[in-house]
Each structure stands twice: as C-alpha cells, then as structure tokens.
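Welcome! Take a moment to turn the molecule around on your screen before reading on.

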Amino acid sequence: MADAIDLVSAFFLKLCLTNMLEESPVKFDDCVAHAIRLLYENNVSGAAIIDPADSASKKSVDRDIGFIEFSSMVLWSLEEIDKVRAASKEGNHGFFDMLEKNSQIGQTKIIELTKSFLWEPFFPAHEDDTLFHVLLLFTKHDKLNVIPVIESSNSSIVGFITLHAVIQLLLQSSGLEWFDEIAEKSLSGYGLMNAAGVVSVFSDQSLADALHVLWDKQLDGVPVVDRRSGTLVGCVRRSDIYLLLEDDSLFIHRKTFAVEEFIKVRDATNDQRRNRCTETEAPPAGLLRMKNARFLRLSYPAILRKSDSLKKTMEIMAASMRESGFLIGDGGRHEGMVTLRDVILPFSPPSMDSRVDGGSFFTSVLNQVGCHVNDGVMIRNR
C-alpha cells in the first residue's frame with residue numbers, strides 16, 4: 001500500500017506538472033485589465049500572484065501569495081459592467097474597450113479582488129511529495145483547483161498540479177486491489193448526484209444568462225437543455241470565455257445572443273482552429289492553456305449515467321478533459337452534474353470534510369507510516 005502512495009514520486013512531473021507564466025507574473029498591485037490582457041495574450045488560463053516587493057530575493061513560498069484564473073477575472077468584470085451599465089446602452093465596444101471606458105472596473109487592483117474571493121489559496125507541494133499529500137490538500141480546501149509545485153532546493157515554482165492530473169495518476173493504479181475496491185462502485189452507490197440540485201440554462205436563453213450562472217454558482221460548466229424536452233444539447237464552459245475577447249460581436253451581443261447559437265459558433269471556431277493546428281501529440285493532463293489541440297477536438301460535454309462505475313466516470317472525464325460531467329437519465333433528460341472534485345472524494349483521506357468515507361486504504365497506510373489525521377491535519381505519531 002505504501003508503494004501505491006509513493007507512486008507519485010515516479011510519475012509526478014511527467015503527468016502533473018504544467019508550465020507557469022514566469023516571464024510575466026501577475027502582481028498583486030496590477031490592475032484587472034492588465035492581468036486579463038496578460039493571460040489572454042500568453043494563452044494561459046491562470047497564474048500565480050506575486051508580491052513584487054523584493055521579489056528577486058524572496059523564495060516562492062514567501063513571494064507567491066495566491067493563484068488567479070483568467071475566467072474568474074473576466075466573469076467578475078462582466079458582472080460589474082452589467083451593474084454600472086444597467087441603466088444605459090453599452091454601445092458597440094469590445095471587452096477591453098469597455099474596461100477602459102469603465103476605469104473603476106478595469107483599474108481595480110488584483111489585491112482588491114480578495115473581497116470577491118477570486119483568489120485561490122496558495123498551498124504548494126514539493127516535487128517529492130506523494131499523492132496522499134496532494135489529496136489532503138484538494139479535499140481539505142474546497143476552493144483549491146490548482147496546486148503549485150516548488151523545487152526543494154530553492155523553493156521556486158516548477159509547475160502546477162490540477163485535478164485532472166490527479167485523476168490521471170489515480171487511473172495508473174487501475175487493477176490494484178485498493179483502487180478497484182473503490183472505483184468499481186457506481187456513482188449512485190457513492191451518492192455523487194449533485195446534492196446541490198440540478199443547475200442548467202435553456203438553449204433559448206441568452207449567453208449573458210449562462211455566463212451569470214457560471215459566476216453565481218461558481219461552476220466550471222453549465223449544461224444547456226432544450227426547454228420543451230429537457231434533453232441536453234450542450235454546455236457553456238469557463239474555458240469558452242476567451243471567445244468573448246477574441247470576437248467583439250459575441251461580447252457586444254451577449255445579452256441577445258442565444259446560448260444554442262453561441263455553441264454553434266464556438267464549435268465552428270474550434271473546428272477551424274483544429275484544422276489549422278499542427279500538433280500531433282496530446283498535451284499533458286494538467287496543461288494550463290486556454291487553447292490547445294486536444295481540447296479543441298472535444299466540443300461535446302462528458303455524458304454520464306448513474307449506473308456508471310467511478311472508474312468509468314474517471315476515464316470519461318480524463319478523455320474529455322472536462323471539469324464536470326452531466327448525468328443523463330431516461331429519454332436523454334439532464335438530471336445532474338458530477339465534478340472532478342466529486343470524483344476524487346471517494347479516494348480522499350479519512351477525517352476530511354467530505355461526503356464520502358475515504359475507506360480503509362488510507363487509514364491502513366497512515367498506520368503503517370506512523371501517522372494519523374486529526375481535524376483535517378496529518379500528524380506523525382510520537
């Protein structure tokens with residue numbers, strides 16, 4: 001069992017690490033407009049936030065104070081724009097022009113976004129840390145979607161670990177008794193049925209409605225269903241948001257543009273980009289890119305059924321590179337959603353704030369290495 005936990009040491013960097021935006025880091029005193037443009041122009045979906053004061057002499061653990069996502073900044077900006085422009089016409093202005101015209105939004109400092117809880121906490125892992133340590137971080141901190149990995153010698157960031165990378169790594173243990181004991185159970189057996197309720201938008205609602213749901217519910221993707229039949233017709237994802245900056249007309253007409261029409265435009269755009277792409281090798285699971293060849297091939301949402309095993313669910317979500325999968329019932333009706341975090345919860349260590357028990361695997365491993373978990377903290381036995 002201990003060998004299974006230490007599997008990370010052999011596969012960690014190959015499967016999990018993603019390149020960071022080192023040349024142009026986001027500083028906590030940067031303005032929102034600058035930070036969005038920086039990530040957009042570098043095709044990066046997120047970056048570490050640094051304290052620029054004496055940054056050259058500081059270690060990463062002292063200098064880096066958080067992680068911020070491109071999509072979160074854009075969604076926050078859209079919400080603020082809608083507030084100030086509710087009583088007036090926006091005109092034919094693109095996203096960046098709108099931020100410039102509304103300086104109280106575009107010039108907002110990154111550090112001020114803490115009031116909206118846009119930052120993800122900065123909890124790094126080391127290159128030689130184990131899967132067990134990573135699962136502890138992801139399951140204890142429910143707002144944590146990315147874990148920075150730091151080099152032991154100088155504490156500099158060498159990459160990031162995403163939930164997708166953890167799924168890929170867990171699947172490496174397929175066939176082992178401890179993994180199969182957990183993974184062969186069905187989704188219904190674990191109760192992973194979107195306990196918060198079914199969230200969706202109708203296909204004839206506006207793109208702005210879908211974007212608001214993404215922000216309001218803090219979702220990675222919102223399912224789009226037919227109003228009459230209730231069947232799933234597609235989804236709008238956070239990873240689609242860059243298109244509003246790429247095509248001004250989508251931003252300008254977002255309040256009148258139907259979601260189903262946006263899906264068609266998105267898929268057509270991705271098809272064109274895919275055809276031009278020369279990449280022949282799929283990128284690593286944790287790649288923090290807004291646009292890449294593998295992702296562009298995957299326009300349809302990940303479809304799940306209650307009878308699917310946890311392992312099958314993991315394989316579907318890993319292959320689709322989706323942050324969430326949609327549960328489909330009889331007649332193709334949308335019945336709920338399962339996220340990557342839901343999927344790793346059954347593998348989570350004991351004594352964590354999760355909806356399912358971590359099982360005997362981690363308890364046994366802890367006993368073997370002389371540790372226990374108390375109030376979500378791993379403690380070494382004396």
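This report looks at confidence, salt bridges, a cavity, a helix and a hairpin.

**How far to trust the model**

What you see is a predicted model. The average pLDDT of the protein is 77, and 69% of the residues score at least 70. Some stretches do less well. Residues 1-23 keep a pLDDT under 50, and the model gives them 63 contacts beyond four places in sequence. Residues 279-286 also have a pLDDT below 50, with 16 contacts in the model beyond near neighbours in sequence. Where pLDDT is low, the predicted coordinates should not be read in detail.

**Salt bridges**

Side chains of opposite charge can pair when their charged atoms come close. How many salt bridges does the structure hold? There are 12, and the table shows three of them.

| Pair | N to O distance |
|---|---|
| Arg-37 and Glu-41 | 3.7 Å |
| Glu-80 and Lys-83 | 3.1 Å |
| Lys-255 and Asp-82 | 3.4 Å |

Let's begin with the pair in helix 3. Arg-37 and Glu-41 both belong to this helix, which covers residues 32-41, and they sit four residues apart, about one turn of the helix. An α-helix has 3.6 residues a turn, so residues three or four places apart point the same way. Arg-37 counts as partly exposed because its relative accessibility is 36%, while Glu-41, at 56%, counts as exposed.

Helix 5 (residues 70-84) holds a pair of its own. Glu-80 and Lys-83 are three residues apart there, so about one helical turn separates them. With a relative accessibility of 58%, Lys-83 counts as exposed.

The bridge between Lys-255 and Asp-82 has a closest N to O distance of 3.4 Å. Which parts of the chain does this pair tie together? Lys-255 lies in the loop between helix 14 (248-252) and helix 15 (259-276), whereas Asp-82 is in helix 5, so the salt bridge links parts that are 173 residues apart in sequence. Lys-255 is partly exposed, with a relative accessible area of 42%. Asp-82 is partly exposed too, with 24%. Elsewhere, Arg-237, Asp-240, Arg-266 and Asp-267 are joined into one network by salt bridges that share partners.

**Empty space inside**

Rolling a probe the size of a water molecule over the atoms shows where empty space is left. In this model there are two cavities of 30 Å³ or more, and the largest has a volume of about 50 Å³. Asp-82 appears again here, as one of the lining residues of the largest cavity, together with Leu-75, Leu-78, Glu-79, Ala-208, Leu-211, His-212 and Arg-254. Which helix gives the most to this lining? Helix 5 does, with four residues. Helix 12 (207-216) also supplies at least two.

**A helix and a hairpin**

Now move along to helix 17, which spans residues 310-320. Its buried residues are Leu-310, Thr-313, Met-314, Met-317, Ala-318 and Ser-320. Just after this helix, Met-321 takes a positive phi of about 60°.

Further on come strand 11 (residues 324-328) and strand 12 (residues 334-339), which run antiparallel and are joined by five bridges. Within this pairing, Leu-327 stands opposite Gly-336 of strand 12. The two strands form a hairpin with five residues between them, and Gly-331 in the turn has a positive phi of about 75°. In a regular strand the side chains alternate between the two faces of the sheet.

Notes: Residues numbered from 1 in each chain as written. Predicted model: local features only at pLDDT ≥ 70, side-chain atom pairs only at ≥ 80, totals over all residues. Heavy atoms only, no water. Pairing = 2+ DSSP bridges. Salt bridge = Lys/Arg side-chain N within 4 Å of Asp/Glu carboxyl O. Buried < 20%, exposed > 50% of the residue type's maximum accessible area, 1.4 Å probe, protein only. pLDDT = per-residue confidence, 0-100. Contact = heavy atoms within 4.5 Å. 1 Å grid on protein atoms, 1.4 Å probe; cavity = no way out; pocket = protein on both sides within 12 Å on 5 of 7 lines; lining within 4 Å. Points joined across faces, edges and corners; volume = space filled by probe spheres on them.
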